[in-house]
Amino acid sequence: MTALLHLDEVSVAIGTIALLERISLTLGQGEILGLVGESGSGKSLTAMAAMGLLPLIGGRITAGSVGFDGQDMGAMTDAQRRALRGRRIGFVTQNPMTALDPVQRIGAQVDVVSRLHLGLSRTAARARTLDLLTQLRIPEAAAVAEAWPHQLSGGMKQRIVIAMALAGDPDLIIADEPTTALDVTVQAQIIQILGALVRDRGLALLLITHDMGVVAQVCDRVAVLYAGRLAEEGPVGPIFAAPAHPYTRALIGCIPQDGMARGSLRGIPGAVPSALAFPSGCRFHTRCAHATDICRTAVPALLPRDQGLVACHHAGQTTGDAA
Ligand SMILES: Nc1ncnc2c1ncn2[C@@H]1O[C@H](COP(=O)(O)OP(=O)(O)OP(=O)(O)O)[C@@H](O)[C@H]1O
């Protein structure tokens, strides 16, 4: 299988601060990869790197490369990268409120994507928009197309943002926490619709989330980020059955179980360290109950394990709570 998106040991800095270190990810056509980690672990920066958007936030790739469909994105001109986004890469942002223009009707905002990227006429673009809205299970698509953003619920708005990402007929969708701004019942529904659409069309999806429950729901593979480094990567089934990294295990332990009272939700004690003061050795050692001297001094290499990769000095030897 040819990789559609391939990050090869990508390191990213903003100014003099190194934020991502040697991130490698491969995403093939028809595959859903979950990129997971707590807030501040570097998920959004990884997505920005994949889309060639780091300059927007003053960031840059300091080592490694990003390939899209066999082409080195670093060697492309700005115009080539711009043409790729929207046309071959669709992006779904965290917050639908900021992704939609409040003073334009919904239909017009979706139409413009296929007019621009596919060169469709007004009529053909509107037909495509209505078709997409229907596929996203939006009732009364024609009426919704005439509505203003403020007239729609958060969940409906997020479906529109997904329609905009799909309208250019992309090969890859990058969705950055697409359901964070929504309430829990709507979240599961949107993820299910997005997953089904992507599968039906044989698209690739990079799904960024802090929620391992979302990963379990739709992803084929998962990449776990911690403090700017990959902790573990591999197929969802084996990783959920036997997570080898204590951080992966801790994230899985945060998935709310059926019948769990609200308020009994578990988090991982402590916080992701700031990039200004990353700990030495394994960056997770300050929160890991299994840490030994080597964890405090030596950076664990990312090594093959089962069908995936893991960076832990004690990979697979630890069980129970990490922290
Ligand atoms: N523009 C910026 N300038 C300086 N530091 C930044 C900038 N953007 C992100 N960072 C830092 O980079 C690190 C990773 O940020 P990133 O947004 O990728 O995390 P994330 O995993 O996506 O978190 P979240 O779930 O909160 O979006 C954080 O420590 C953050 O403070």
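Trainee: Which strands does helix 1 lie across, and at about what angle does helix 1 run to strand 1?
Mentor: Bear in mind that this is a predicted model. Helix 1 lies across strand 1, strand 2 and strand 4. Taken against strand 1, helix 1 runs at about 120°.

Trainee: What is the order of strands in the open sheet of four strands?
Mentor: Pairing in this open sheet is antiparallel. Strand 2 (17-28) and strand 5 (71-72) are at the edges with a single partner strand each, so one side of each has no neighbour in the sheet. That fits the order, which reads 2-1-4-5.

Trainee: How many bridges join strand 1 to strand 4?
Mentor: Strand 1 covers residues 3-14 and strand 4 covers residues 59-68, and the two run antiparallel. You can find one facing pair by looking for H6, which stands opposite G67 in strand 4. The number of bridges joining strand 1 to strand 4 is eight.

Trainee: Which helix gives the largest share of the shell around the ligand?
Mentor: The ligand is surrounded by 13 residues, and the closest are S39, K43, S44, L45 and I57. By class, the shell splits into five nonpolar, seven polar and one charged. The largest share is three residues, and they come from helix 1 (residues 43-51).

Trainee: What is the order of the open sheet of eight strands?
Mentor: This open sheet has mixed pairing. Its edge strands are strand 6 (89-92) and strand 11 (303-305), each pairing on one side only. From one strand to the next, the twist averages 20°. Reading across, the order is 6-7-8-3-9-10-12-11.

Trainee: Where does the positive phi turn up in the hairpin of strand 9 and strand 10?
Mentor: Strand 9 (residues 221-226) and strand 10 run antiparallel and are joined by six bridges. Within that pairing, A223 stands opposite E233. Two residues sit between the strands of the hairpin, and the residue with a positive phi near 45° is A227.

Trainee: Is strand 10 largely enclosed or not, and how many of its residues are buried?
Mentor: Strand 10 (residues 229-235) pairs with strand 12 (residues 308-310) in the antiparallel sense, over two bridges. There, E232 stands opposite V310. Strand 10 is largely enclosed by the rest of the structure, because the buried count among its seven residues is six.

Trainee: What is the bridge partner of P304 in strand 12?
Mentor: Look at the pairing of strand 11 with strand 12, which is antiparallel and has three bridges. In strand 12, P304 is matched with L309.

Trainee: Which elements do the buried residues of helix 11 pack against?
Mentor: Helix 11 (residues 246-253) lies across strand 3 (32-36), strand 9 and strand 10, at about 105° to strand 9. Six of its eight residues are buried, so helix 11 is largely enclosed by the rest of the structure. The buried ones are P246, Y247, T248, R249, A250 and L251. They pack against strand 3, helix 9 (212-218), strand 9, strand 10 and helix 10 (236-241).

Trainee: Which residues touch the most other members of the largest nonpolar core?
Mentor: That core has 88 residues, and its largest share, nine residues, comes from helix 7 (residues 154-167). Leaving out residues up to four places away in sequence, L206 touches L5, L27, L33, L35, A47, A50, L172 and I174. The residues that touch the most other members are A163 and L206.

Trainee: Is P139 buried or exposed?
Mentor: P139 is in the loop between helix 5 (122-135) and helix 6 (141-145). Its C-alpha atom is 9.9 Å from that of M156, which is 17 residues away in sequence. P139 has 9 other C-beta atoms within 10 Å; a residue with 12 or fewer counts as exposed. So P139 is exposed.

Trainee: Which residues is Q94 in contact with, leaving aside its neighbours within four places in sequence?
Mentor: Q94 lies in the loop between strand 6 and helix 3 (96-99). Q94 is partly exposed, with 18 other C-beta atoms within 10 Å. A175 is 81 residues away along the chain, yet the C-alpha atoms of Q94 and A175 are 7.7 Å apart. Beyond its sequence neighbours within four places, Q94 is in contact with D176, E177, T180 and A181.

Methods. Residues are numbered from 1 along each chain as its sequence is written. This is a predicted model: local features need pLDDT of at least 70, side-chain atom pairs count only at pLDDT 80 or more; totals for chains, interfaces and linings use all residues. A residue is near a molecule or strand if its C-beta atom, placed from the backbone, lies within 6 Å of it. Ala, Val, Leu, Ile, Met, Phe, Trp, Tyr, Cys and Pro count as nonpolar, Asp, Glu, Lys and Arg as charged, and the others, Gly among them, as polar. A residue is buried if 20 or more other C-beta atoms lie within 10 Å of its own, exposed if 12 or fewer, and partly exposed in between; C-beta atoms are placed from the backbone. Two strands pair if DSSP finds at least two bridges between them. Two residues are in contact if their C-beta atoms, placed from the backbone, lie within 7 Å. Axes are lines fitted to C-alpha atoms, for helices over the stretch in contact, and angles run from 0 to 180 degrees between N-to-C directions. A nonpolar core is a set of buried Ala, Val, Leu, Ile, Met, Phe, Trp, Tyr and Cys residues joined through C-beta atoms within 7 Å.
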